Amino acid sequence: MKTVTLTIDGKVIKARAGEKLLWAALENGIYIPNLCAIREREEPDASCRLCWVEVEGQSDPVPACAIGVQEGMAVSTKGEKALALARAAFELLMASHALDCAHCQANGRCELQKIAKVLKCSLKPKRLRLLLRDLPVDDSSPLFSYDPNKCVLCGRCVWECRKHREKAIMGFAHRGFERRLTTFADEPIGADRCLDCSECVKVCPTGALTLK
């Protein structure tokens, strides 16, 4: 397969031609914040708006999950424009996140903590007021719990669940601030149709889905 050579933050790397920049960076040990990116998905969702980078020759930052690598491309993950966009998206996300790291199972491995560290910003929004959803925790599954107040709506669990095709139960409902993870017929997540495979828990980047 044809490969191309490019630089990211001054580091020369090789990647498969046509590979999305985000995956090329991650495969070469260069972390770019992301939540909604799913490697198996042919077209990126590009909804979390965290993976902004600056590409030499382009006036505006671009999402790394949506742009393919090219020969000679020069990329910066630390440009001020890109960081400003990523920080704004992260702060908006955290304004509706029920922050409780001390009592969260994901503490220490949470993707939000990692992103805050990389972006050098606080987990607590400083410019935005909190707008929490205060939704009930779904504790109906015998294996795991779902706390929608900690869900970032990345879609990773939905993607995994839908691999079960006709047995899949997870999806999204509504738009904007009202958007939420839901199940078929809006049944409790632990209703009879769930296969209890727990794959959704394994891919959750926060403490929204946790094993009991």
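**Notebook: rings, sheet, hairpins and a helix pair**

I looked for aromatic pairs first and found zero in the structure; rings of Phe, Tyr and Trp (its six-membered ring) would pair if their centres lay within 6.5 Å, with planes under 30 degrees apart counted as stacked, over 60 as edge-to-face and the rest as tilted. I note that this is a predicted model, in which local features need pLDDT of at least 70 and side-chain atom pairs count only at pLDDT 80 or more, while totals for chains, interfaces and linings use all residues. Residues are numbered from 1 along each chain as its sequence is written, and side-chain values use heavy atoms, with hydrogens and water left out.

**Charges over rings**

I then looked up charges over rings (NZ of Lys or CZ of Arg within 6 Å of the ring centre and within 35 degrees of the ring normal). Lys 114 lies over the face of Tyr 31, at 4.0 Å from the ring centre. Arg 179 lies over the face of Phe 172, at 4.2 Å from the ring centre.

**Strands 7 and 8**

I traced Phe 172 further and found its bridge partner, Leu 181, in strand 8. Strand 7 (residues 170-173) pairs with strand 8 (residues 180-183) in the antiparallel sense, over four bridges. Strands are DSSP runs of E with at least two residues, and helices are runs of H or I with at least four, numbered from the N terminus; two strands pair if DSSP finds at least two bridges between them. Six residues separate the two strands of this hairpin, and His 174 in the turn has a positive phi of about 70 degrees.

**The open sheet**

I read the strand order of an open sheet of five strands as 2-1-5-3-4, with mixed pairing. Its edge strands, strand 2 (11-16) and strand 4 (62-63), each pair on one side only. Strand 3 (residues 52-55) runs antiparallel to strand 4 and is joined to it by two bridges, with Val 53 the bridge partner of Val 62. These two strands also form a hairpin with six residues between them, where Gly 57 in the turn has a positive phi of about 100 degrees. Two bridges also join strand 3 to strand 5 (residues 74-76), again antiparallel, and Glu 54 stands opposite Ser 76.

**Helices 2 and 3**

I last recorded which residues of helix 2 meet helix 3 (heavy atoms within 4.5 Å): among them are Leu 83 and Phe 90 in helix 2, and Leu 112 and Ile 115 in helix 3. The contact residues divide into nine nonpolar, no polar and one charged; Ala, Val, Leu, Ile, Met, Phe, Trp, Tyr, Cys and Pro count as nonpolar, Asp, Glu, Lys and Arg as charged, and the others, Gly among them, as polar.
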